[in-house]
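Grab your viewer and a pencil. Below are some exercises on how helices pack, with solutions to check yourself against.

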Amino acid sequence: IKKSERPEARAIIDAVSDEFKISADDLRKGRRGEGRKALALLARREGAMTLPEIGKILGIGDWSTSHLASEGERLVEESDDFKRRVDRVVRKLKSAR
């Protein structure tokens with residue numbers, strides 16, 4: 001997929017914020033939660049953003065960003081609820097293109 005066809009960071013933040021019922025500010029500045037894991041995962045997967053780009057959005061370093069995205073991947077595999085929510089965000093992002 002071309003970079004121009006990928007969602008912008010703002011669109012990902014808004015969609016995750018809406019799905020996980022957390023403000024965009026809390027999502028970016030919070031320290032825990034499934035919403036941040038979903039954001040890191042989707043920014044990497046759907047937005048094709050680099051770890052430094054995602055880390056800048058979340059105010060964390062590369063290692064922490066990688067860890068969050070990995071935790072998101074793990075939750076997709078282990079939690080049907082989390083997977084459904086991530087899938088809803090992906091559908092919302094694709095329908096907005």
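Here come the ground rules, then three exercises with solutions.

This is a predicted model, where local features need pLDDT of at least 70, side-chain atom pairs count only at pLDDT 80 or more, and totals for chains, interfaces and linings use all residues. Residues are numbered from 1 along each chain as its sequence is written, and side-chain values use heavy atoms, with hydrogens and water left out.

**Exercise 1.** Work out how α3 and α5 are oriented to each other, and which residues make the contact.

*Solution.* Start with the geometry: α3 (residues 34-45) and α5 (residues 62-78) pack at about 100°, their axes 7 Å apart. Angles of 65 to 115 degrees count as roughly perpendicular, so α3 and α5 are roughly perpendicular to each other. Next, list the contact (heavy atoms within 4.5 Å): α3 brings E34, R36, K37, A40, L41 and R45, and α5 brings T65, L68, A69, E71, G72, E73, L75 and V76. Finally, sort these residues by type: six nonpolar, two polar and six charged. Here Ala, Val, Leu, Ile, Met, Phe, Trp, Tyr, Cys and Pro are nonpolar, Asp, Glu, Lys and Arg are charged, and the others, Gly among them, are polar.

**Exercise 2.** Now do the same for α4 and α5.

*Solution.* First, the angle between α4 (residues 51-58) and α5 is about 90°, with 8 Å between the axes. That makes α4 and α5 roughly perpendicular to each other, too. Then the partners: L51, P52, I54, G55 and L58 of α4 touch D62, T65, S66 and L68 of α5. By type, the contact of α4 with α5 has five nonpolar residues, three polar and one charged.

**Exercise 3.** Find the structure's one aromatic pair and say which helices it ties together.

*Solution.* Look for Phe, Tyr or Trp (six-membered ring) with ring centres within 6.5 Å; planes under 30 degrees apart are stacked, over 60 edge-to-face, and the rest tilted. The pair is F20 with F82, at 5.9 Å centre to centre and 55° between the planes, hence tilted. To finish, place the rings: F20 lies in α1 (residues 9-20) and F82 in α6 (residues 80-95), so the pair ties together parts 62 residues apart in sequence.

How values were computed:
Axes fitted to C-alpha atoms, helices over the stretch in contact; angles between N-to-C directions. Helix = DSSP H or I, 4+ residues; strand = E, 2+ residues; numbered from the N terminus. Parallel < 35°, antiparallel > 145°, perpendicular 65-115°, else oblique.
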